[in-house]
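Hi,

Here is the structure I promised to pass on. Please have a look at it first, and then read my notes below.

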Amino acid sequence: MPIYEYQCTECGKKFEARQSMGEDGSELGCPVCKAGNPKRLLSSFFSPGSSMPDFSGGSCPTGTCGLPPM
Ligand SMILES: [Zn+2]
């Protein structure tokens, strides 16, 4: 089940929530100010700062930097 990142439209707080397919997060509420209908951010299943390494290799000349050794 994917985890989406939302941002409160009132206070700007970012938070994550698991959502089933078809849900749009409109029923979610901000954990800080309780405002509803947060904005869903365009993000992957993993947010920046998580323990998942970045495998995109954007700045790596070989594209294998950060990959575990074979
Ligand atoms: Zn808020």
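The protein chain has three strands and zero helices, so to speak of its order along the chain, the elements run β-β-β from the N terminus on. Keep in mind while you read that this is a predicted model. Of the 70 residues in the protein chain, 26% count as buried. As for contacts between residues at least 6 apart in sequence, 30% of them join residues at least 24 apart.

**The sheet**

The three strands make an open sheet, with antiparallel pairing and the order E2-E1-E3. E2 and E3 are at the edges with a single partner strand each, so one side of each has no neighbour in the sheet.

E1 covers residues 3–7, and its antiparallel pairing with E2 runs over five bridges. Two of the bridge partners are easy to find on screen: tyrosine 4 goes with alanine 17 in E2, and glutamine 7 goes with lysine 14 in E2. Six residues sit between the strands in this hairpin, and glycine 12 there takes a positive phi near 85 degrees.

E2 (residues 14–18) has a nice alternating pattern. Phe15 and Ala17 point to one face and are buried, while Lys14, Glu16 and Arg18 point to the other face and are not buried. Take arginine 18, which is found in strand E2: its relative accessibility is 57%, and the cut-off for exposed is over 50%, so arginine 18 counts as exposed. Its C-alpha atom is separated by 6.1 Å from that of tyrosine 4, although the two residues are 14 apart along the chain.

**The core**

Which residues make up the largest nonpolar core? There are five: Tyr4, Tyr6, Phe15, Ala17 and Leu28. E1 and E2 each supply at least two residues of this core. As general background, nonpolar side chains tend to be buried together in soluble globular proteins.

Tyrosine 6 is worth clicking on. Leaving aside residues up to four places away in sequence, tyrosine 6 touches a long list of residues, including the core members Phe15, Ala17 and Leu28. Also among its contacts are Lys13, Lys14, Gln19, Asp24 and Gly25, as well as Pro38, Lys39, Arg40 and Leu41.

**The zinc site**

Now to the metal. The zinc ion has the SG atoms of Cys8, Cys11, Cys30 and Cys33 as its protein donors, at 2.2 to 2.3 Å. Their spacing in sequence is C-x2-C-x18-C-x2-C.

Why is the arrangement called tetrahedral? The angles that the four donor atoms subtend around the zinc ion are 104 to 119 degrees, and four donors count as tetrahedral if all angles lie between 85 and 135 degrees. For reference, the ideal angle for four tetrahedral donors is 109.5 degrees.

The donor cysteines are not equally covered. Under 20% relative accessible area means buried, so cysteine 8 at 5% counts as buried, and cysteine 30 at 2% also counts as buried. Cysteine 33, in contrast, has 34% relative accessibility and therefore counts as partly exposed.

If you were wondering how many disulfides there are, the count comes to zero, taking a pair of cysteine sulfur atoms within 2.5 Å as the rule.

**Two backbone oddities**

Most residues other than glycine have a negative phi. Which residues in the loop between E2 and E3 are worth a look here? One is lysine 34, which has a positive phi of about 70 degrees although it is not a glycine. Lysine 34 lies in the loop between E2 and strand E3 (39–40), and with a relative accessible area of 64% it is exposed.

The other is asparagine 37, with a positive phi near 50 degrees, again in a residue other than glycine. Asparagine 37 is in the loop between E2 and E3 too, and its 51% relative accessibility makes it exposed.

That is what I have for now. Shout if you want to go through any of it together.

Cheers

Key: Residues are numbered from 1 along each chain as its sequence is written. This is a predicted model: local features need pLDDT of at least 70, side-chain atom pairs count only at pLDDT 80 or more; totals for chains, interfaces and linings use all residues. Side-chain values use heavy atoms; hydrogens and water are left out. Donors are N, O and S atoms within 2.8 Å of the metal (3.2 Å for Na, K and Ca); water is not among the atoms, so sites may look incomplete. Four donors count as tetrahedral if all angles lie between 85 and 135 degrees; four count as square planar and six as octahedral if opposite donors are over 155 degrees apart and all others between 65 and 115; anything else is irregular. Buried means under 20% relative accessible area, exposed over 50%, partly exposed in between (1.4 Å probe, protein chains only). Helices (H or I, at least four residues) and strands (E, at least two) are DSSP runs, numbered from the N terminus. Two strands pair if DSSP finds at least two bridges between them. A nonpolar core is a set of buried Ala, Val, Leu, Ile, Met, Phe, Trp, Tyr and Cys residues joined through side-chain atoms within 4.5 Å. Contact means heavy atoms within 4.5 Å.
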